[in-house]
Amino acid sequence: MALVPTLKTWLLVVPALALLGVVGYRAGGHVRPGEAGNAVDEVPVTQVAAAPVQAQQLARQLLSIERGTTIASGLPLDIRADIEGDTDLYAYAQRLQLQAGNGNAEAAWMVSRVYDYCATYAMDPGGYQLDNALLTGMGMTASPTMVQARERVARRCGGFVSSDGLGRQLILAQRVQAAKAGNLAAEASLFAEGQPLENSPTYRRGLVERVMDSRDPEAYMALSTGMGQRASGDRALDGLVAGDQFSELAWRLAACELGMACGPDSVLMNNFCANGGICSQDGGQDFATFVYDAAVSRQGAGKMKTLVEMLIKQRNGR
């Protein structure tokens, strides 16, 4: 799954992303204060070892048990809305799972989105917080923006622990469940990740056309990575917006035009910065403004707008 957004290969990537290698971040492991001190001498040991990892994990497990007896089974009519804002995503995922278990395809899809957003944190909560402290201590210009985004992920995903197993296989299984239950966004995401429900040219083209006919912003966004460079040379997609980096961006921008949350505080922007290192230095920028500032030349802006218009126009009177 796209735990780290693919756009980082050609969008503005902050230098702080490279620092994760310096501080020794790795899923499932921790950096000892003595090891980190050689790379970042100015970070006090007491700062980076503020809380023992085992104590943090135990606290989260106890919190999980407490929540398990208090979470209501109901969900709002707009299941998607709660992933934005300051929602406790662990509690949200529990509510969604209850509905997904009863065959609610939309709930199953949103569970996968929560897992995708929280996976990097959940793989190693203690190491994630340790790296935040180390990045802060480095004092680089780009560090505060990324740390702020990562801290928001930690706050929202704080109920998850490494034993929850939030990784590629779990996310993929959740999306297969949602797609087979009829969720178009989940089906599109499987195609984008190279795991389509079917792999014939007819199916691939038909799926893209179904997404366009649906005008579902979640489906547009889910499909976007599969319509970029990965689609280059796929004759089944001839005549569609596909095959290069402009195409991927156009699908994302079209999703925003159709109602996807793409503002400065959206999950989209937060995820790019926290998990991909793709951070706007202007905290007030929404996704579209950021794209036109950082990824599209002035000469390419007209082409991009034309592609977006092609994607959002009504097809065949629909």
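Which side chain meets that of R175 in a salt bridge? The partner is D116, with 3.2 Å from N to O. Welcome to this structure, which is a predicted model. The points below start with its salt bridges, move on to the largest pocket, and end with helix α14 and the loop that comes after it.

**Salt bridges between separate parts of the chain**

- The count for the model comes to twelve salt bridges.
- In the pair that opened this briefing, the side chains of R175 and D116 meet at 3.2 Å, N to O.
- R175 sits in helix α9 (residues 168–180) and D116 in helix α6 (residues 105–122), so their salt bridge ties together parts that are 59 residues apart in sequence.
- Is R175 buried or exposed? R175 counts as buried because its relative accessibility is 6%, under the 20% cut-off.
- D116 counts as buried too, with a relative accessibility of 10%.
- Another salt bridge joins D86 and R152, whose closest N and O atoms are 3.9 Å apart.
- D86 belongs to the loop between α4 (53–68) and α5 (89–100), while R152 is in helix α8, so this pair links parts that are 66 residues apart in sequence.
- The two partners sit in contrasting surroundings: D86 counts as exposed at 71% relative accessibility, whereas R152 counts as buried at 12%.

**A salt bridge within one helix, and a network**

- The side chains of E248 and R252 also form a salt bridge, at 3.5 Å from N to O.
- Both E248 and R252 lie in helix α13 (residues 245–257), four residues apart, which is about one turn of the helix.
- E248 and R252 are both buried.
- Which residues are joined into one network by salt bridges that share partners? They are R80, E106, R113, D216 and E218.
- E106, one of the network residues, is ten residues from L96 in sequence, and the C-alpha atoms of L96 and E106 are 8.9 Å apart in space.
- L96 itself is found in helix α5 and counts as buried, at 0% relative accessibility.

**The largest pocket**

- The volume of the largest pocket is about 370 Å³.
- Its lining is made up of 17 residues, and those closest to the pocket centre are Q148, A149, P264, D265 and N270.
- Two elements, α8 (143–156) and α14, give two or more residues to this lining.
- Which element gives the most to the lining? That is α8, with five residues.
- Sorted by class, the lining holds six nonpolar, seven polar and four charged residues.

**Helix α14**

- How many of the ten residues of α14 are buried? The helix is mostly covered, with ten of its ten residues buried.
- Among the buried residues of α14 are V267, L268, M269, N270, F272 and C273.
- N270 also appears among the residues closest to the centre of the largest pocket.
- G277 follows α14 and has a positive phi, near 75°.

**S280 and Q285 in the loop after α14**

- S280 lies in the loop between α14 (267–276) and α15 (287–294), and Q285 has its place in the loop between α14 and α15 as well.
- S280 counts as buried because its relative accessibility is 12%, below the 20% cut-off.
- Q285 is buried, with a relative accessible area of 9%.
- The side chains of S280 and Q285 make a polar contact with each other at 2.6 Å.
- The side chain of S280 also reaches the backbone oxygen of D282, at 3.0 Å.
- The side chain of Q285, for its part, makes a polar contact with the side chain of D293 at 2.4 Å.
- Leaving aside neighbours within four places in sequence, S280 is in contact with T145, M269, Q285 and F290.
- Not counting residues up to four places away in sequence, Q285 touches G263, P264, M269, S280, F290 and D293.
- M269 and F290 therefore appear in the contacts of S280 and in those of Q285, and M269 is one of the buried residues of α14.

Notes. Residues numbered from 1 in each chain as written. Predicted model: local features only at pLDDT ≥ 70, side-chain atom pairs only at ≥ 80, totals over all residues. Heavy atoms only, no water. Buried < 20%, exposed > 50% of the residue type's maximum accessible area, 1.4 Å probe, protein only. Polar contact = N/O pair within 3.5 Å; in protein donor to acceptor, adjacent residues only side chain to side chain. Contact = heavy atoms within 4.5 Å. 1 Å grid on protein atoms, 1.4 Å probe; cavity = no way out; pocket = protein on both sides within 12 Å on 5 of 7 lines; lining within 4 Å. Points joined across faces, edges and corners; volume = space filled by probe spheres on them. Nonpolar A, V, L, I, M, F, W, Y, C, P; charged D, E, K, R; others polar. Salt bridge = Lys/Arg side-chain N within 4 Å of Asp/Glu carboxyl O.
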